[in-house]
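Biologist: I'd like to go through this structure with you and ask why things are called what they are called. Shall we take a look?

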Amino acid sequence: MPYAANLEDLPLIHRSEDEIDALVERFPEDEAVIKSLHEDGFAIIDLDLDPGDVCRARALCHSIPPEKGRVQDAWKSNSAVARIATDPHLVALLSNLYGRQAFPFQTLNFDFGTEQSAHSDTYHFNARPYGFMCGVWVALEDVTENAGPLFYYPGSQNLPILERLDVEGDHSYQDYEQQLTKMITAGGYKKHKALLKQGQALIWTANLVHGGAPRLNPSLTRYSQVTHYFFEGCAYYTPRLFDLRQNRHSVREPFSITQRKFVPSDQTELKGHPSWMKRLWWRRDIWRRVHPSWPTFRKGDGE
């Protein structure tokens with residue numbers, strides 16, 4: 001969908017070189033992260049995670065049934081997953097580099113490599129102004145080449161953002177994947193693999209194309225956690241669920257895991273609200289499933 005934001009509405013890391021220099025001057029300890037996110041769309045950092053939280057999150061990953069492959073939003077029942085998602089240093093880093101307060105709204109925990117096709121998160125959830133969303137992939141064990149590591153295409157964040165009406169053919173998800181693959185090939189982007197050590201994290205910007213490499217050894221685990229972050233003061237929506245018949249966006253009302261509240265979508269950026277049925281279901285789900293240790297996230301409770 002055509003959309004144009006004012007330059008001042010861009011995340012700080014997506015602005016001009018002069019503003020990047022100013023950002024580095026303000027946060028010199030994060031210079032490498034700033035430049036990597038700005039130029040390549042990703043950055044690898046070391047997290048100082050509680051070993052107990054890593055152990056508990058790994059145990060959750062180990063318990064995932066083979067047919068599932070992942071657990072979405074385990075933060076609701078597992079306080080270790082919630083603490084990793086709300087890591088104060090990480091949230092502060094993202095807030096500083098984007099220029100708005102970051103908040104985690106979704107977690108995904110994996111036991112094995114996903115082998116997922118190349119995609120951009122902006123097709124699954126996006127924000128306006130564009131760019132105010134990112135993903136953070138945390139290694140809960142050392143990742144090897146044979147375990148099906150995460151892959152990504154540095155620089156691909158600069159590709160045009162695809163939404164459902166931009167997709168050729170029948171606007172199906174398969175059409176989206178094929179069109180994105182053509183764009184990657186035409187742009188000459190090179191695939192990189194994230195062979196991270198336990199406790200390292202890969203931050204990727206909203207439009208960076210990524211996926212899961214083939215599992216060369218199916219017996220090898222790839223225990224990991226992905227957390228997706230939005231930023232305050234934006235409109236939030238799901239592009240792949242754009243209603244073609246009614247010409248209407250699927251507007252979101254994400255739940256901030258940090259602040260423990262639903263965040264309204266900015267109506268000046270994108271009109272619309274979730275249906276009352278969705279709102280009721282989301283609130284009922286939160287009420288029924290959140291971890292009993294809330295709001296303190298006490299270690300060991302119910303895990």
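Biologist: Are aspartate 53 and arginine 83 buried or exposed?

Modeller: Both aspartate 53 and arginine 83 are buried. Keep in mind that this is a predicted model.

Biologist: What makes aspartate 53 count as buried?

Modeller: Its relative accessible area is 5%. Buried means under 20%, so aspartate 53 gets that label.

Biologist: And why is arginine 56 called partly exposed?

Modeller: Arginine 56 has a relative accessible area of 26%. Partly exposed runs between the 20% and 50% limits, so arginine 56 belongs there.

Biologist: How do you know that aspartate 53 and arginine 83 meet in a salt bridge?

Modeller: The N to O distance is 2.9 Å, and the cut-off is within 4 Å. This pair links distant parts of the chain: aspartate 53 is in helix α3, arginine 83 is in helix α4 (residues 79-85), and they are 30 residues apart.

Biologist: What makes arginine 56 and aspartate 53 a salt bridge too?

Modeller: Again it's the distance: 3.7 Å from N to O, set against the limit of 4 Å. Those two are 3 residues apart in helix α3 (residues 51-62), which means about one helical turn separates them. Put together, Asp53, Arg56 and Arg83 are linked in a network of salt bridges.

Biologist: Why does the contact of arginine 279 with glutamate 253 count as a salt bridge?

Modeller: Their closest N and O atoms are 3.3 Å apart, and the rule asks for within 4 Å. Arginine 279 sits in helix α7 and glutamate 253 in the loop between β12 (235-237) and β13, so the pair ties together parts 26 residues apart in sequence. A search of the whole structure finds 9 salt bridges.

Biologist: Now the rings. How many aromatic pairs are there?

Modeller: The structure holds 14 aromatic pairs. One of them is tyrosine 98 with phenylalanine 231, their ring centres 4.3 Å apart and their planes at 20°.

Biologist: Why is that pair of tyrosine 98 and phenylalanine 231 called stacked?

Modeller: Planes under 30 degrees apart count as stacked, and 20° fits, so tyrosine 98 and phenylalanine 231 are stacked. Tyrosine 98 is in helix α5 (residues 88-98) and phenylalanine 231 in strand β11 (residues 224-231), 133 residues apart. Tyrosine 98 is buried at 1% relative accessible area, and phenylalanine 231 is buried at 0%.

Biologist: What makes phenylalanine 105 and phenylalanine 125 edge-to-face?

Modeller: Their planes are at 90° and their centres 5.4 Å apart. Over 60 degrees counts as edge-to-face, so that is the name for this pair. Both rings also belong to one aromatic cluster, formed by Phe103, Phe105, Phe125, Phe230 and Tyr236.

Biologist: What is unusual about histidine 171?

Modeller: Most residues other than glycine have a negative phi. Histidine 171 has a positive phi of about 65°, although it is not a glycine. You'll find histidine 171 in the loop between β7 (150-152) and α6 (173-187).

Biologist: Last one: how do you know where the predictor is confident?

Modeller: Look at pLDDT: the mean for the protein is 93, and 93% of its residues reach 70 or more. Over residues 295-303, though, the pLDDT is below 50.

Note on methods:
Residues numbered from 1 in each chain as written. Predicted model: local features only at pLDDT ≥ 70, side-chain atom pairs only at ≥ 80, totals over all residues. Heavy atoms only, no water. Helix = DSSP H or I, 4+ residues; strand = E, 2+ residues; numbered from the N terminus. pLDDT = per-residue confidence, 0-100. Contact = heavy atoms within 4.5 Å. Phe/Tyr/Trp six-rings, centres within 6.5 Å; stacked < 30°, edge-to-face > 60°. Buried < 20%, exposed > 50% of the residue type's maximum accessible area, 1.4 Å probe, protein only. Salt bridge = Lys/Arg side-chain N within 4 Å of Asp/Glu carboxyl O.
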